[in-house]
Number of protein chains: 2
Amino acid sequence: MMEGITGEASSIAGHLRLGKLTLLYDDNHITIDGPTNITFTEDVAKRYEAYGWHVQQVEDANDLEAIAAAYQAAVDEPERPSFIQLHSLIAWGAPNAQGTSKAHGAALGEDEVRATKEVYGWNPDKHFKVPDGVPERWQARVAANQRARAEWQRRLAAYAEAEPALAAEFQAALAGELPAGWDAELDKLLAEPKKQATRKASQQVINALAPNLPMLVGGSADLAESNLTDIVAGGDLTATEVGRNLRFGIREHGMGAITNGLAAHGGLRPFCATFLVFSDYMRPSVRLASLMELPVVYAWTHDSVGLGGDGPTHQPIEHLGSLRLIPNLHVIRPADGPETAEAWRAALRRVDGPTALVLSRQELPTIDRTRYASAAAGLHRGAYVLAEASGGEPELILLATGSEVWLALAAQDELERHQEIPTRVVSMPCWELFEAQDQGYRDQVLPPQVTARLAVEAGSTALWHKWVGTLGGVVGIDRFGASAPGGTALIKFGFTEVNVVERALAVLHREHIEKARMLRNLSA
Amino acid sequence: MMEGITGEASSIAGHLRLGKLTLLYDDNHITIDGPTNITFTEDVAKRYEAYGWHVQQVEDANDLEAIAAAYQAAVDEPERPSFIQLHSLIAWGAPNAQGTSKAHGAALGEDEVRATKEVYGWNPDKHFKVPDGVPERWQARVAANQRARAEWQRRLAAYAEAEPALAAEFQAALAGELPAGWDAELDKLLAEPKKQATRKASQQVINALAPNLPMLVGGSADLAESNLTDIVAGGDLTATEVGRNLRFGIREHGMGAITNGLAAHGGLRPFCATFLVFSDYMRPSVRLASLMELPVVYAWTHDSVGLGGDGPTHQPIEHLGSLRLIPNLHVIRPADGPETAEAWRAALRRVDGPTALVLSRQELPTIDRTRYASAAAGLHRGAYVLAEASGGEPELILLATGSEVWLALAAQDELERHQEIPTRVVSMPCWELFEAQDQGYRDQVLPPQVTARLAVEAGSTALWHKWVGTLGGVVGIDRFGASAPGGTALIKFGFTEVNVVERALAVLHREHIEKARMLRNLSA
């Protein structure tokens, strides 16, 4: 009740009048550091009334009839979520621990367990003793639940008979299966060269997929106009209408938790969106999605200093790197429209964890597939040779993601034409997918003997050392951003063809010196 | 008002009865995506009443007298923070933009500016026109503020005459200066070998410093008993008492913002604490502290899977790495008591940004300073040679931080004694401080020619490639943790002397093969 996320989630639950939701608040007045009143004296029930909830009090949490009555009243209230404040004592009956914070974080210990059993009128020498009547109640509950489940299955079977197509769709969705041909629209979409932001390409993908993928629902934390996540004909989910666009309000952490809940429930494929820099607000929910293997999709736009004038508070620097560190999160930063389409395809194919799509605000050229690697499908292997060195034997490899890929291609052109350096460009949109490839493929893309490597990405440099090695270099940003038009900011931070070429030449120079030094050392 | 952090901060402000705080809520019913009622229909005023605030309404934000009266009433209310809900129209007077979301994120544009000037009765052809009467009001306000400042300075001078010592202390504190001898207690503290957790050592440091450092205040987000952050004789800050221990409740994000506010105000040196894994909850505040160069100290304990049974939700994996990526944040992970003392010294010396102290739950041995590097003061250079290779010419370097340093020392012993491999151990508690050293020192600690390197740290491996290079290795954890006693978890994840030795031998083996291959290639 103190954590901000409860406020975010409860406010939106009240707004959406989620009448099926009941929250039992075990108000035992104890936290780890002592009684709650050392930090928490607000009127929680009144706060929930302010959120528009149906609020009830149960004065004694041991009054089971009162709880049952309150719960029934909550179930009977269809228009508002229900909040039941149960006034309770922690460690009830434990003569020395009851009502104290020591009962919160530690086991009672043998003596106190004995004393508690005596208070309950149980034999303190009996272990694993189930009191009389409990097994019978338990069995009765099992039988009732079995009847309820059988009844539900009977209704589902009847529905399947009456509406076989809809029932099959429902069951496939619950099983997490995607309908046949769900991504048929993607192949041709975005193929035509066009200068546009990857967030804009993402918008086209969402709207191309939506008709064939009824389980796709999602939205933004009050940035739909910027993240470009609206399903155009999807309608909004409101208190009275069932639509596919979710309006989360300015509640990123709650948004992350809500999409986790939708994914855990099943039957839907939820996505959510905000600026990449605000992924920090939802990081605990992203970690839980990864830990719980929930197939949530994040559309995080405005992915570098290239967003421009909003300045350092809005410009992500460390975010790409810090997200790549979360286990089981796939982070994909596509370079153009076709890679964006493949990124969504990869995200939706995934069933065992979340995927972050990291998208540009600024326009990017479409990579010329007649000149470079013919298909963006290389994205599914995480990294792929986008432009081979002339002669096929690279002396230098340029690695890049997203909005820096076209810059790597421009630098390659210069290095090949005017410096006569055979240079390969590797597009590396998803490190996690690349790491999942076998060593043979990885060595094919990044041959171990080609140690002159330069990475180009508008974010922290530190993680790239893994790929560029000791002799390589990174064109990146290791300070906070700056307020300027996006193009200017990128230029000032060194994302220019001239700088990339210069840095590439420096890498080659250092490599030559280092190899000569090694040769001397090894021969000596 | 939607973001969870406002709930956290407002709840604690009400609890502490911060009567000097007034919040003007410009309730214009507009967010970026449209009217607030698409996502936000709660009764905000009632929510603030529930927090214990003094709540007022101003029905028309253009009624300046009503605002002034409400503000005066807020100032006159000493017992409760005040909330003034101003009902306003965004872009007031702009005939087409008023009351719409398009006025939120974009400039009005020339036509609408002209039209607005006409509504205001101004000449639409005049630019930078200051309406009559405004300069006079402005000048009057400047004069009034100058008088107020002069009066304050007069009172301060009078105070300095009456209480020269206290006045000097006050002014030094406001200037961010630490009193002479503030850290005199640290040198002997913790020197005696003792097996204890670094969080426990941190507790001793806090309490040794507190008497000489009256500006040191802080606390935990309901984990004081675990973070060990209480200033023993400091008293609590409550609604009625001025103490030095801040009880933040379970509100990590709000805690980060509050400590930022205290540091920005000046006069105090605030610290705050939670488990390292929950640094995710406060990450946006940590980023702002770094961006705003605020000297906040974070005491983040339970810093690895070594915390044990709470399991993956509580075991940090990616946190150390993702914090190291935040620009201007110093992350220090001390290895024993003396390094913990130096870590606090470094954190409090710092005036241009925050410092994270990353502390163990589990007990660690004190490094034997008669056998290894004589002083923990090497910490101030970020990394230092803790144990030199026999003969002084290492073939292998083991790098480690915090709770893995003693393990590196044990492995060194084995490698030197039984494998006859000259092995250096580098303690590397703070990468940011090490990166700030000159190249000469860095090459002294990590000689470029010694490429056989193994890092040992109970967290993500990825960032370590920067230090161990292409030929090196990392003993770390790249998956979520597991619920087990801390010692068992560490063993299962490979943090054993045997595994570190084996991995070190593998690194040496790979290096020999690689060098032979290079020699062949280079000679060919």
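**Exercise 1. Work out what area chain B and chain A bury between them, and which residues give the most on the side of chain B.**

Step 1. Buried area is the accessible area (1.4 Å probe) that two parts lose on being put together, summed over both. Chain B and chain A bury about 6300 Å² in this way, and 63% of it lies on carbon and sulfur atoms.

Step 2. Now look at single residues. B:Arg287, B:Leu325 and B:Phe480 supply 11% of the area that chain B buries against chain A, more than any other three residues.

Step 3. Count the partners, taking contact to be heavy atoms within 4.5 Å. Chain A brings 71 residues to the contact, and chain B brings 71 residues.

A note before going on: this is a predicted model, where local features need pLDDT of at least 70 and side-chain atom pairs count only at pLDDT 80 or more, while totals for chains, interfaces and linings use all residues. Residues are numbered from 1 along each chain as its sequence is written, chains are lettered from A and ligands numbered from 1 in the order in which they are written, and side-chain values use heavy atoms, with hydrogens and water left out.

**Exercise 2. Find salt bridges between chain B and chain A.**

Step 1. Here is the rule: a side-chain nitrogen of Lys or Arg lies within 4 Å of a carboxyl oxygen of Asp or Glu. Between chain B and chain A the count is six salt bridges.

Step 2. Try A:Arg287, which pairs with B:Glu318; their closest N and O atoms are 2.7 Å apart.

Step 3. Next take A:Arg283 and B:Asp280, a salt bridge with closest N and O atoms 3.1 Å apart. This pair crosses between chains, from helix H11 (residues 283-291) of chain A to the loop between strand S8 (269-275) and helix H11 (283-291) of chain B. Helices (H or I, at least four residues) and strands (E, at least two) are DSSP runs, numbered from the N terminus.

**Exercise 3. Is A:Ala408 buried or exposed?**

Step 1. Locate A:Ala408 in helix H14 (residues 405-418) of chain A.

Step 2. Recall the cut-offs: buried is under 20% relative accessible area, exposed over 50%, partly exposed in between (1.4 Å probe, protein chains only).

Step 3. A:Ala408 is buried, because its relative accessible area is 0%.

Step 4. Check the surroundings. Leaving aside neighbours within four places in sequence, A:Ala408 is in contact with A:Leu398, A:Ala400 and A:Val425.
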